[in-house]
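The exercises below are meant to be worked through with the sequence and the coordinates open side by side. Each task is followed by a solution that proceeds in steps.

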Amino acid sequence: MGSSKIDYEKVLNPAQLEAVTTLEGPLLVIAGAGSGKTRTLVYRVARLVETAVAPESILLLTFTRKAAQEMLDRAVSLSDPRCRFVSGGTFHSLANRALRSYAETVGYSRSFAIVDRSDMEEIVRSLIPELRVPKGTPRFPKRGTLADILSKAANLQQPLEKVMLEEYGHFLEFLREIDTLSRLYEQYKKTHQLMDYDDLILNLRRILEHDEEARKNLSQQYRYIMVDEYQDTNVIQADIVKWLAHEHRNIMVVGDDAQSIYSFRGANYRNMFDFSIHFPEAKKVKLEENFRSTQPILTFTNALMSQAHEKFTKCLVTKRTGGERPRLFDTRTAPEQALFVGRAILERIQQGRSLRDCAVLFRAAYHSFELEAELTRQSIPYVKYGGFKFLESAHIKDFLAHLRVVVNRDDAVSWIRILRLVKNVGEGKSQSIMEWMRAGGISPGQLEQWPGIGKRDTGLGQLSRFLGRLSEQDMSPAQAVEKVMEYYLPILKERFDDYPRRQRELDQVISMAGRYKKLRSFLDDLILDPPTSPADLRSQKEHEALTLSTVHSAKGLEWPVVFIIWVTEGRFPPARAYHHPSVLEEERRLMYVASTRAKDELILCYPGQEGAPSWSGHAIPWGGHATSLSTFIRDLPEEVVSHESGSLSSRSERRDWQWRSGNIESKSPDRPSEFSPGERVRHPAFGPGVISKLIGHDKVEVFFRDVGRKLLLLEYTTLEKI
DNA sequence: CATCACGCTGTTTTT
DNA sequence: CAGCGTGATG
């Protein structure tokens, strides 16, 4: 390699070098956290391109598209601009691309639409009446749960009964109904040319299995395949890999069994073990040297994982010297935890850290609500990742639905959405209009010819003419979104009081459309690679801000200072109570992923009040168990993690947060007397109901701050009783 | 069709 | 508690 810009032997350690220079044949890389996995992939891409492999014939499958893009960008700046032409993306985007050519094989048209999770739930909702569940049946699962069950069965490729036995035992009595639902759902998708996330990969596999030509074409197109985060793939994805690499066998998979945290999606780290069964000649490489964290942090994570039941890796070690033990703080209660973290962040800033150096990680998005209120009070800027699905908020879905029906006329979900936005049209009318259109092969612009149209249905005429214009000419995505905005803005204003914010968000979506030539690619990308927050849409400029993130969204990232907050809560159903081994196992992996994000400093905290009430200040009703930080952390020895108290020192401080967080009950004699009618007061939590009780007024005006799915109350004003 | 009062129920993570 | 679904009422 005389022409190489890169001196691989110098920049890579021996294990990495082996992984990078083994270009032919199957290769399994077991890579511990922070062991330079991404680096290895990037260099391998560069190496392949340097050795005159056509970039288009390299496929890099990652967990998110962003991850693929970042790796390819790095490869470009490292070696060769042609690395830009490497195909990178997720299994889902690969499947989408393939299915746009071969959908007929699996009985679909190539113009099928993709439904996201909320669409799926909407379909399920519309099918439930057909199950004839007697009304008032107690404990029939909610649509979200039903969607979970269907999706899990699809992902695990197991019969409903088995999935329900294992994980939804409390719903077994409804097996028949759910089974029917499953069939109805499949049928619905077929008739309306819809595929959900699971169908994408399932159908890709089906094509690879049954369509010899497609298989040939695809495996010839991608001669060198790399899969990142292999521990997070499921059996279907493993099969896809198997088929794609069956002939040429140039397949490299990279993963860390300990970091498998997507079991809820059917991911199985055993795929890592099974790789050698499908590819017996596979070479194995272990990356064990950690380049990220200090040794005390790694000692902690090693201790954590040594208790795991099934594992086949590795002890993490580093050459980095020094560093402090991770610290574990018992903050007594959840509100104190928020205060504690807020303060600790400020301390780090005073010590010269930048906000960008710090991150706070947690298991579920809502766990940071209290902290967010605290950060707002302290005017600490933060960016939050994970949890709330920006794209699934009503106004965005409504807006996009108008485009989706133009691209795919059969997309019933979107049809019903936009029809119901029309005045005087609800569930009933939208359904019958749908059926009439399907039966007569009516085009969107002919909507106003619906025989059932009444004098008051002028809105239908408007919609009809609008859709007619929209589908007439071959519009660019940029023009199309402008047109939709024109039509939709009045509806938006009427339906939402907070329309200025929503309009701004729509403007951001609109601005994305300019980058696309085809409307369909624009819509597909929004579903397959959704922006995680409105902030994400703003130019990707780095903010000088603290990061808050769910552990899931923090995968692959690192920060000098990492806080982990673990919030007290119960678990449901009882069969999966917190002490259940499978829950502990899952939690342990999460904790592992979270703690291996830290470079220099790791701070864990938990509200230690055992059995503390968890939900809205009430005891957990279903007999589940409230727990503080799982015992597998608390029982770690002092040498590994220092146990400290994070409780607030002074009594007055404690009183202060107590009422600020709404913990004082209405009957409490301690009710703050500062409240007087008409006064505007800052208050961090809970809704008007609580406040009313607290202050003894039944009219309050509240001021919310939008923190995603939930609104956080910041201020309120009492109103005089009339 | 839209609105409201009432009763029931309870996890989260993402493509 | 609060979010959701249901059933009754304009």
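**Exercise 1. Determine which residues of helix α10 are buried, and examine the length and the N-terminal end of this helix.**

Solution. The model is a predicted one, and the residues of α10 that count as buried in it are D198, D199, L200, I201, L202, N203, L204, R205, I207 and L208. Taken together, 10 of the 14 residues of α10 are buried, so that the helix is mostly covered, a residue being called buried when its relative accessible area is under 20%.

The next step concerns length: α10 covers residues 197-210, and at 1.5 Å a residue its 14 residues should span 20 Å, which agrees with the 20 Å between its end C-alpha atoms. At the N-terminal end, finally, D196 acts as a cap, with a side-chain oxygen that lies 3.0 Å from the backbone nitrogen of D198.

**Exercise 2. Establish the strand order of the open sheet of 6 strands, and describe what packs on this sheet.**

Solution. Reading across the sheet, the order is β3-β2-β6-β7-β1-β8, and the pairing is parallel. The edges are formed by β3 (87-89) and β8 (283-287), each of which pairs on one side only. On average, and with direction ignored, neighbouring strands of this sheet are turned by 10 degrees against each other.

Helix α13 (residues 270-278) packs on the sheet, where it touches β1 (27-31), β7 and β8, and its direction makes about 155 degrees with that of β1.

One pairing can then be followed in detail: strand β6 (residues 224-227) and strand β7 (residues 251-255) run parallel and are joined by 3 bridges. For V227, the bridge partner in β7 is V253.

**Exercise 3. Decide whether T550 is buried or exposed, and list what it touches.**

Solution. Begin with its location, which is in strand β12 (residues 546-550). The relative accessibility of T550 is 5%, and because this is under 20%, T550 counts as buried. Leaving aside residues up to four places away in sequence, T550 touches F362, R363, A364, A365, Y385, G386 and G387.

**Exercise 4. Summarise chain A as a whole, in terms of secondary structure, burial, contacts and surface.**

Solution. The secondary structure comes to 28 helices and 18 strands, and 55% of the 722 residues of chain A count as buried. Among the contacts with a separation of 6 or more, 75% are accounted for by residues 24 or more positions apart. The accessible surface of chain A comes to about 32300 Å², and 50% of this surface belongs to carbon and sulfur atoms.

Notes: Residues numbered from 1 in each chain as written. Chains lettered and ligands numbered in written order. Predicted model: local features only at pLDDT ≥ 70, side-chain atom pairs only at ≥ 80, totals over all residues. Heavy atoms only, no water. Pairing = 2+ DSSP bridges. Helix = DSSP H or I, 4+ residues; strand = E, 2+ residues; numbered from the N terminus. Axes fitted to C-alpha atoms, helices over the stretch in contact; angles between N-to-C directions. Contact = heavy atoms within 4.5 Å. Buried < 20%, exposed > 50% of the residue type's maximum accessible area, 1.4 Å probe, protein only. Areas by Shrake-Rupley, 256 points an atom, 1.4 Å probe, with all protein chains shown as cover. Expected span 1.5 Å × (residues − 1). Polar contact = N/O pair within 3.5 Å; in protein donor to acceptor, adjacent residues only side chain to side chain.
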